[in-house]
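Got your viewer open? Load the model and keep the selection box handy for a walk through salt bridges, rings, one helix and some empty space.

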Amino acid sequence: MPYPPYSPPPYPGGPYPPDPPAPYPPEKAEEKAARKALRRSANLVSTALLGILPAAAALGLALSGLLLAMGYPLRGAAEYSFLSPELYYLYQAVVYACSLLLPACIVIAAARLKWGEMLVFQACGPLEFFGSVFLGVAVCLLSNIPANLISALLQGMGFSGEAPSTPLPDSVLGQALYFVNLAVIPPLFEEFLFRGLALGALRRFGDGFAVLASSFLFAMLHGNFIQIPFAFLAGLVMGFVMIRTNCLWVPIFIHFCNNAFSVFTQILARSSEDLAAGASLLYFLAMLLLAIVFSVLLLRLRPHYFYGDGKKGANGCALRARSKAFAFFTSPVTLVFLAYCLLTAVLYL
């Protein structure tokens, strides 16, 4: 019986077509998507931070033009930009608050981020609230130690070694507006920006990473080498208590207590330097003692406060810590923002 002539299979190696090669293993594809999402979130946050500069410039020009159009006489001191102290601090309050708020709101709206993830005001008990506040204020006070060491080091190297400051007015109204500029606006609007927008946008990549990254951005925004270490450590504790309480009022209140007491000691020093130094020491010891007492109570009654309960935040990111850091620091807008902050810090020397 004759056999039909041999014909090779239509596909090399067998009668069936080979499976198409997968472009990435499943885990690699997941890592690539997570890296892309992290870069996008970092760029969005940094865009809001960079937007502060043009917003402040535009608002400053608009208000200056309005004052000139109203015929306001520029007869004040140069340290107050030739305005009266009261008008100067009112001017600064409007510009700073709006320049922090507007870019963040534009980014949140344009990127269609969830406001519920940025503005979190979950109810927390008195123990968690006051324990977090006392712990945060104590860490902020202790953070002055590395700041003072760096200041002394810079002075020893021939640099100024002084943090930026603004003059304290003599009038009661001027001091009230000075208080608003330093103790009210920064806690409200900076905490919205960093413990709200930054922490909220980065939290799905891990709570620890979100706290570190938002604290680093918070520190760099201060733009000088004296305040950077202080702001980073303060940002860490405020980010930690935000994660643990899920209540933005807690870091706002910590920030307020820190700045308000600083203004209070400045005003007190007008009367007596010794009295201001004594009040500072008493305040430091009281906050440290309260922080220790409430930390012990939290450890005994709310142990999950320090150890976590595995429910808050998102910790299932496919990226390792090194990959997260690389994606964050190679985000284009973040690089521009950090370069600007570093240049500002160097020029301030």
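Let's start at a ring. Select Phe329: this residue is partly exposed, at a relative accessible area of 37%. Keep in mind that you are looking at a predicted model.

Now add Phe216, which at 26% relative accessibility is partly exposed as well. The two ring centres sit 5.5 Å apart with the planes at 80°, so Phe216 and Phe329 make an edge-to-face pair. Colour the helices and you'll find Phe216 in H8 (residues 207-221) and Phe329 in H13 (residues 321-329), so this pair ties together parts that are 113 residues apart in sequence.

**Along H13**

Stay on H13 and pick out Lys324, Ala327 and Phe328, the buried residues of this helix. Turn the view until you look down the axis: those buried residues fall within an arc of 100°, so they line one face of the helix. Swing round to the other side of H13, where Arg322 and Phe326 are exposed.

**More rings**

How many aromatic pairs does the structure hold? There are 19. For another one, select Phe261 and Phe264: their centres are 5.8 Å apart and the planes meet at 40°, so this pair counts as tilted. Both residues belong to helix H10, with their positions 3 residues apart, or about one turn of the helix. As a reminder, an α-helix has 3.6 residues a turn, so residues three or four places apart point the same way. Buried or exposed, what is Phe261? Phe261 is buried, with a relative accessible area of 17%, while Phe264, at 41%, is partly exposed.

Next, select Phe129, Phe130, Phe134, Phe179, Phe253, Phe256 and Phe294 together and show their side chains: they form one aromatic cluster.

Then hop to Phe218 and show Arg195. Where does Arg195 lie relative to that ring? Arg195 is over the face of Phe218, at 4.5 Å from the ring centre.

**Salt bridges**

Time for charges. Side chains of opposite charge can pair when their charged atoms come close. Over the whole structure, a search turns up 4 salt bridges; three stops follow.

*Stop one: Arg302 and Glu128.* Put a distance label on this salt bridge and the closest N and O atoms should come out 2.7 Å apart. Arg302 is in the loop between helix H11 (273-301) and helix H12 (304-307), and Glu128 is in helix H5 (residues 126-142), so the link joins distant parts of the chain, 174 residues apart. With 30% relative accessible area, Arg302 is partly exposed; Glu128, at 14%, counts as buried.

*Stop two: Asp170 and Arg270.* Here the closest N and O atoms of the salt bridge are 3.0 Å apart. Asp170 sits in the loop between helix H6 (144-156) and helix H7 (172-202), and Arg270 in helix H10 (residues 249-271), so the bridge ties together parts that are 100 residues apart in sequence. Switch on a surface: Asp170 is exposed, with a relative accessible area of 66%, and Arg270 is partly exposed at 44%.

*Stop three: Arg203 and Asp207.* This salt bridge has its closest N and O atoms 2.9 Å apart. Hide the surface again, because Arg203 counts as buried at 13% relative accessibility and Asp207 is buried too, with a relative accessible area of 9%.

**Pockets and a cavity**

Keep Arg203 selected, since it takes us to the second largest pocket. Which residues lie nearest the centre of that pocket? They are Glu117, Met118, Gly200, Ala201 and Arg203, out of 21 residues in the lining. The pocket has a volume of about 310 Å³. To see the walls, colour helix H1 (26-50), helix H4 (115-118) and H7, the elements that each give two or more residues to the lining. H7 supplies the largest share, with 5 residues.

Last stop: closed space. A search of the whole structure finds 1 cavity of 30 Å³ or more. The largest cavity holds about 40 Å³ of space. To frame the spot, select Leu154, Ser160, Gly161, Glu162, Asn224, Phe225, Ile226, Tyr348 and Leu349, the residues that line this largest cavity.

Methods. Residues are numbered from 1 along each chain as its sequence is written. This is a predicted model: local features need pLDDT of at least 70, side-chain atom pairs count only at pLDDT 80 or more; totals for chains, interfaces and linings use all residues. Side-chain values use heavy atoms; hydrogens and water are left out. A salt bridge is a side-chain nitrogen of Lys or Arg within 4 Å of a carboxyl oxygen of Asp or Glu. Helices (H or I, at least four residues) and strands (E, at least two) are DSSP runs, numbered from the N terminus. Buried means under 20% relative accessible area, exposed over 50%, partly exposed in between (1.4 Å probe, protein chains only). Rings of Phe, Tyr and Trp (its six-membered ring) pair if their centres lie within 6.5 Å; planes under 30 degrees apart count as stacked, over 60 as edge-to-face and the rest as tilted. A charge sits over a ring if NZ of Lys or CZ of Arg is within 6 Å of the ring centre and within 35 degrees of the ring normal. The arc is that of the directions from the helix axis to the C-beta atoms. On a 1 Å grid over the protein atoms alone, a cavity is a set of points where a 1.4 Å probe fits but cannot get out, and a pocket is an open set with protein on both sides within 12 Å along at least five of seven lines; lining residues have an atom within 4 Å of a point. Grid points are joined across faces, edges and corners, and a volume is the space filled by probe spheres set on the points.
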